[in-house]
Amino acid sequence: MTGVFQILAFSYLNPFWWMAVAILGYKFFALIDAATRREDAYRAADKKTKGFWLAVLGISFGWDLLFGANFLGSIGTLAGLVASIVYVVDVRPAIKALTGGSGHGGRSNTGPYGPW
């Protein structure tokens, strides 16, 4: 039993199960956020390309789905968690500052009839 089935086989009362679910959720959030950001915003923020971050975060998330989020013994899980943290703490705020908080660009204080 590996991967998702291994995670689901844990007792829901086990704190390691909850930590594994939290790690998967965090990595999924980082992956979805990276996918919704504009490509040119990565270059404008002087960060790696969107393709790079999608590949790193996607491999990280896929690794945990295939082999389980065994953060005590898996270097892949820890490396992926560090990559996700770097994206959320460093890359995401830089892109949000350039795009006005929206993944699609534009101003964050825009109403139905334009900026206010």
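**Warm-up.** In which helix does Trp63 lie?

*Solution.* Find Trp63 in the predicted model above, and you will see that Trp63 belongs to helix H4. Keep this residue in mind, since we return to it in the last exercise.

**Exercise 1. Get an overview of the chain.** List the elements of the chain in order, starting from the N terminus.

*Solution.*
- Step 1: Count the elements. There are five helices and two strands.
- Step 2: Put them in order. From the N terminus on, the run is α-α-α-α-α-β-β.
- Step 3: Add the contacts. Among contacts with a separation of 6 or more, 66% are between residues 24 or more positions apart.
- Step 4: Add the surface. The chain has about 7,100 Å² of accessible surface, and carbon and sulfur atoms hold 71% of that area. Of its 116 residues, 31% count as buried.

**Exercise 2. Take a walk along H2.** What distance does H2 reach from its first C-alpha to its last, and which of its residues are buried?

*Solution.*
- Step 1: Look at the length. H2 has 22 residues and reaches 32 Å, close to the 32 Å expected at 1.5 Å a residue.
- Step 2: Look for buried residues. Among them are Trp17, Ile23, Leu24 and Leu31.
- Step 3: Notice the charged names too, because Lys27 and Asp33 are also in the buried set. Let us see which partners these two have.

**Exercise 3. Follow Lys27 to its partner.** Which side chain meets that of Lys27 in a salt bridge, and are the two residues buried or exposed?

*Solution.*
- Step 1: Find the partner. The side chain of Lys27 forms a salt bridge with that of Asp64, at 2.6 Å from N to O.
- Step 2: Place both ends. Lys27 sits in helix H2 and Asp64 in helix H4, so this pair links distant parts of the chain, 37 residues apart.
- Step 3: Check the accessibility. Buried means under 20% relative accessible area. Lys27 has 0% and is therefore buried; Asp64 also has 0% and is buried as well.

**Exercise 4. Try two further salt bridges.** How many residues apart are Glu39 and Arg43, and how many residues apart are Asp90 and Lys47?

*Solution.*
- Step 1: Start with Glu39 and Arg43, whose side chains meet at 3.2 Å in a salt bridge. Both residues lie in helix H3, four residues apart, which is about one turn of the helix.
- Step 2: Check their accessibility. Glu39 is partly exposed at 30%, while Arg43 counts as exposed at 52%.
- Step 3: Move on to Asp90 and Lys47, which form a salt bridge of 3.1 Å. Asp90 is in helix H5 and Lys47 is in the loop between H3 and H4, so the pair ties together parts 43 residues apart in sequence.
- Step 4: Check this pair as well. Asp90 is partly exposed at 38%, and Lys47 is partly exposed at 26%.
- Step 5: Find the network. Asp33, Arg37 and Arg92 are joined into one network by salt bridges that share partners.
- Step 6: Finish with the total, which is six salt bridges.

**Exercise 5. Return to Trp63.** Which residues make the nonpolar surface patch of about 320 Å²?

*Solution.*
- Step 1: Name the members. Trp63, Leu66 and Phe67 make this patch.
- Step 2: Check Trp63 against the cut-off. Residues in a patch need over 30% relative accessible area. Trp63 has 36%, so Trp63 passes and counts as partly exposed.
- Step 3: Place Trp63 once more. As in the warm-up, Trp63 lies in helix H4.

How values were computed
Residues numbered from 1 in each chain as written. Predicted model: local features only at pLDDT ≥ 70, side-chain atom pairs only at ≥ 80, totals over all residues. Heavy atoms only, no water. Salt bridge = Lys/Arg side-chain N within 4 Å of Asp/Glu carboxyl O. Buried < 20%, exposed > 50% of the residue type's maximum accessible area, 1.4 Å probe, protein only. Patch = residues over 30% accessible without salt bridge, like charges linked within 9 Å, V, L, I, M, F, W, Y side chains within 5 Å. Areas by Shrake-Rupley, 256 points an atom, 1.4 Å probe, with all protein chains shown as cover. Contact = heavy atoms within 4.5 Å. Expected span 1.5 Å × (residues − 1).
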